[in-house]
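Biologist: Got a minute to walk me through this one? I'd like to start with the ligand.

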Amino acid sequence: MSKTLVITGASKGIGLATAKLFLEQGYRVINLSRSACALPSVTNLKIDLASHDWSNEGGQDLLQLIDDSQEVVLIHNAAIMTKDSIGDIDPAVLAQVLQLNVVAPAQLNRLLLPKMQTGSAILYVSSTLGTKAVANTHAYVISKHAAIGQMRASCQDLVGSGIHTAAVCPGFTETEMLQAHLGENPELYKEITSTIALGRLVQPAEIADTLWFCSQSPAINGAVIHANLGQVER
Ligand SMILES: NC(=O)c1ccc[n+]([C@@H]2O[C@H](COP(=O)([O-])OP(=O)(O)OC[C@H]3O[C@@H](n4cnc5c(N)ncnc54)[C@H](OP(=O)(O)O)[C@@H]3O)[C@@H](O)[C@H]2O)c1
């Protein structure tokens, strides 16, 4: 098969919705995460990307899987969000967040680039918190700003390759990550949706649509695309 999506974190949430959409569009899909993506035709590589030496074993398997691909879309989606602040940040936790959210994408780029032909794309899933900050998400904010820098640097390094890149910045999206961050407090959900112009959470399928659009649009190269239903300014 000639078109392949390589995506991290497609076992749930935004990654799962994206894997489903690319399958519907005729792509072969390879997922890298610790637990499997349940969609029947997805190839799963069970990998802990927070471990710095994940590529020693998983890397060769991945290269073999994409060997016959003419076009590769690589989506850096897996991430963790921790609760921490300037006063209590644990350097070990910061290092782990950066490994998963920033270093693993760099490792994957380096591994796959030699196999990626003209027409391929590298997409980074950043966040609204890639361009602004809120309190108590110190490591995450740092990592999501880094993802945008990583995308911009990729764009410059890829000049002449025919490979395009973009960073998609989801707003509050209804996934386990958001649930874990906000807990079950209905008042908090009310407060959050009051900051969203369309008055509801983003659905994972809407971010999948945005990633699909970016992957098929070489004009969107070096761009930061916000997908957040509009933010209410006060
Ligand atoms: N939800 C939001 O409101 C929101 C807003 C802005 C940006 N984002 C971004 O959107 C992306 C997807 O988030 P989501 O909301 O869909 O999160 P999610 O539902 O928590 O899914 C996260 C994915 O990352 C994978 N993952 C986590 N740790 C991993 C590890 N050590 N190794 C490999 N894979 C790992 C998980 O798979 P396993 O657990 O199976 O390993 C899972 O598939 C992230 O980059 C996030 O920062 C989300």
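Modeller: Sure, here's the ligand site, then the cores, then a few single residues. Keep in mind that this is a predicted model, where local features need pLDDT of at least 70, side-chain atom pairs count only at pLDDT 80 or more, and totals for chains, interfaces and linings use all residues. Residues are numbered from 1 along each chain as its sequence is written, and side-chain values use heavy atoms, with hydrogens and water left out.

Biologist: Okay, which residues come nearest to the ligand?

Modeller: Ser11, Ser35, Asn77, Tyr140 and Thr175, out of 30 residues around the ligand. A residue counts as near if one of its heavy atoms lies within 4 Å.

Biologist: What does the side chain of Lys144 do there?

Modeller: An N or O atom in the Lys144 side chain is 2.8 Å from a ligand oxygen. The Ser11 side chain also has an N or O atom 2.7 Å from an oxygen of the ligand. Both pairs fit the polar contact cut-off, N or O atoms within 3.5 Å.

Biologist: And how much of the ligand does the protein bury?

Modeller: 94% of the 880 Å² that the ligand exposes when taken alone. Those areas are Shrake-Rupley values with a 1.4 Å probe.

Biologist: What kinds of residues make up the shell?

Modeller: 14 nonpolar, 11 polar and 5 charged. Here Ala, Val, Leu, Ile, Met, Phe, Trp, Tyr, Cys and Pro are nonpolar, Asp, Glu, Lys and Arg charged, and the others, Gly among them, polar.

Biologist: Switching topic: which residues touch the most others in the largest nonpolar core?

Modeller: Leu5, Phe22, Val29, Ile75, Ile207 and Leu211, in a core of 33 residues. A core is a set of buried Ala, Val, Leu, Ile, Met, Phe, Trp, Tyr and Cys residues joined through side-chain atoms within 4.5 Å. There's a second, separate core of 27 residues, including Ile47 and Leu63.

Biologist: What about Gln150, buried or exposed?

Modeller: Gln150 has a relative accessible area of 14%, so it's buried. Buried is under 20%, exposed over 50%, and partly exposed in between (1.4 Å probe, protein chains only).

Biologist: Which non-glycine residue in the loop between β5 and α4 has a positive phi?

Modeller: Asn136, at about 70°. Most residues other than glycine have a negative phi. Asn136 is partly exposed, at 48% relative accessibility. Leu229 has a positive phi too, about 65°, but Leu229 is buried at 18%. The β and α labels are DSSP runs numbered from the N terminus, helices (H or I) of at least four residues and strands (E) of at least two.

Terms used:
Polar contact = N/O pair within 3.5 Å; in protein donor to acceptor, adjacent residues only side chain to side chain.
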